[in-house]
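User: Could you go through this model with me? I would like to begin with the sheets and then turn to the ligand.

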Amino acid sequence: MKVAVFSTRPYDRLFLEQANSAFGHELTFFEPHLSFETVSLAAGFPAVCVFVNDRLDARTLMRLNEIGTDIIALRCAGFNNLDLDTASSLGMKVVRVPAYSPHAVAEHTVGLLLALNRKFHRAFNRVREGNFSLDGLLGFDLHGRTVGIIGTGKIGAAVAQILNGFGCELLGYDVTPNPDCEALGMRYVELHELFRQADIITLHCPLTPQTHHLIDAEAIAQMKQGVMLINTSRGGLIDTRAVIRGLKSGRIGYLGLDVYEEEEELFFEDHSGQVIQDDIFARLLTFPNVLITAHQAFFTDTALTRIAQTTLQNLADLEAGRDCPNQISAQSLRKTAAA
Ligand code: NAD
């Protein structure tokens with residue numbers, strides 16, 4: 001199948017081309033994001049392959065449909081950047097990669113947690129400058145601490161498993177409790193209870209209208225003084241302005257982010273020679289107790305290999321008219337929600 005691959009970085013091309021030797025799709029790589037401004041690049045391609053920061057809103061989808069593109073292959077799990085109702089009403093087929101390596105994201109989450117606690121990011125710089133003082137680097141034992149996991153699906157469960165190994169108390173919040181987490185001793189509680197009890201809170205639910213700004217001023221006010229907050233899920237789960245106020249007051253003692261509400265303009269690009277125009281993001285960078293990575297949690301060779309294989313298999317299934325287990329539609333989501 002002829003596929004226009006958007007938001008291509010060198011590693012996308014490498015892993016997709018390697019996997020494509022088993023499929024033989026005709027892949028054309030474009031660096032820009034797919035958006036209304038760039039949609040004409042897709043002309044002549046029955047399929048587009050997109051990533052987390054491509055913007056598939058209603059008008060972009062309508063334009064895609066007009067130029068004859070009716071297959072959208074997301075090379076990621078989340079689909080908050082796509083208007084699924086519009087895609088389904090236009091009869092477009094949407095496929096995604098629901099799971100490629102929950103361990104990649106879970107391990108990065110725990111990496112952020114450990115680095116923030118033991119201040120690796122600060123210690124690294126100090127030692128390189130010949131400063132061997134420990135002042136300001138005091139951490140806490142993770143063993144025995146209470147961790148609240150919001151969203152206990154594949155990634156949340158993998159985080160729970162790792163932190164169980166550290167001897168943490170596990171609290172969970174999810175619309176559907178996960179028996180694997182319960183088997184680890186996780187206690188499911190209401191959200192306000194999790195906010196009240198957790199020393200560390202980590203977010204692993206999808207971004208939906210219900211979860212948008214789940215962490216807002218009201219939620220932060222219920223949290224323990226000095227709480228650690230980690231978000232490797234989607235930026236929109238957090239009201240960043242409220243979090244900055246929480247950091248300034250000391251209510252939030254540590255913040256680890258792999259995602260950011262307005263990351264589309266920043267992440268996956270080298271802006272090191274430019275002035276950052278986003279004042280909210282720039283403010284975040286000034287805190288010593290904030291550690292940010294640029295949507296990197298998925299970025300392991302295992303995950304990229306599986307993403308490439310599954311994406312190309314999804315396209316092959318649709319091309320051959322086979323049922324694709326990774327196809328999503330507005331109708332299928334409504335059915336799952338009602339079940
Ligand atoms: P999953 O579908 O296995 O788990 C999501 C869980 O969230 C489910 O258990 C679901 O019941 C729960 N949930 C849904 N709505 C909820 C709500 N309103 N409140 C509480 N829980 C709710 O998904 P996953 O594979 O674990 O991925 C989780 C998220 O991680 C994805 O949605 C994606 O946004 C993010 N992600 C980030 C990266 C990265 O590189 N940073 C990579 C992959 C996925």
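Analyst: A convention is needed for the sheets: two strands pair if DSSP finds at least two bridges between them. Helices (H or I, at least four residues) and strands (E, at least two) are DSSP runs, numbered from the N terminus. The model is a predicted one, in which local features need pLDDT of at least 70 and side-chain atom pairs count only at pLDDT 80 or more, while totals for chains, interfaces and linings use all residues. Residues are numbered from 1 along each chain as its sequence is written, and side-chain values use heavy atoms, with hydrogens and water left out.

User: In what order do the seven strands of the open sheet lie?

Analyst: The order is E8-E7-E6-E9-E10-E11-E12, and the pairing is parallel. Strand E8 (187–188) and strand E12 (290–292) are the edge strands, each pairing on one side only. Within this sheet, strand E6 (residues 146–150) is joined to strand E9 (residues 200–203) by four bridges. Ile 149 has Thr 202 in E9 as its bridge partner.

User: And the open sheet of six strands: which strands form its edges?

Analyst: E2 and strand E13 (327–328) are its edge strands. The full order is E2-E1-E3-E4-E5-E13, with mixed pairing. Strand E4 (residues 71–74) and strand E5 (residues 93–95) run parallel and share three bridges, with Ile 72 opposite Val 94.

User: Which strands does E1 pair with?

Analyst: Strand E1 (residues 2–5) runs parallel to strand E2 (residues 26–29), to which four bridges join it. E1 also pairs in the parallel sense with strand E3 (residues 47–50), over three bridges. Val 3 stands opposite Leu 27 in E2, and Val 5 has Cys 49 in E3 as its bridge partner. In a regular strand the side chains alternate between the two faces of the sheet.

User: What hand does the β-α-β unit of E1, H1 and E2 have?

Analyst: E1, helix H1 (residues 10–20) and E2 make a right-handed unit. Right-handed describes a crossover in which, with the strands pointing away from the viewer, the path from the first strand over the helix to the second runs clockwise.

User: Turning to the ligand, how many residues surround it?

Analyst: There are 21 (a heavy atom within 4 Å), and the closest are Tyr 100, Lys 154, Ile 155, Asp 174 and Thr 232. This shell divides into nine nonpolar, eight polar and four charged residues. Here Ala, Val, Leu, Ile, Met, Phe, Trp, Tyr, Cys and Pro count as nonpolar, Asp, Glu, Lys and Arg as charged, and the others, Gly among them, as polar.

User: Which polar contacts should I look at?

Analyst: A polar contact is a pair of N or O atoms within 3.5 Å. An N or O atom in the side chain of Lys 154 is 2.8 Å from a ligand oxygen, and a polar backbone atom of Ile 155 is 2.8 Å from an oxygen atom of the ligand. A nitrogen atom of the ligand lies 2.9 Å from a backbone N or O atom of Thr 232. On its own the ligand has 860 Å² of accessible area (Shrake-Rupley method, 1.4 Å probe), of which the protein covers 84%.

User: How many salt bridges are there?

Analyst: Nine are found in the whole structure, each a side-chain nitrogen of Lys or Arg within 4 Å of a carboxyl oxygen of Asp or Glu. One of them joins the side chains of Arg 9 and Glu 269 (2.4 Å, N to O). Arg 9 lies in the loop between E1 and H1, and Glu 269 in the loop between strand E11 (252–257) and helix H11 (279–284), so the pair ties together parts that are 260 residues apart in sequence.

Methods. A polar contact is a pair of N or O atoms within 3.5 Å; within protein, one must be able to donate a hydrogen and the other to accept it, and residues adjacent in sequence count only if both atoms are side-chain atoms.
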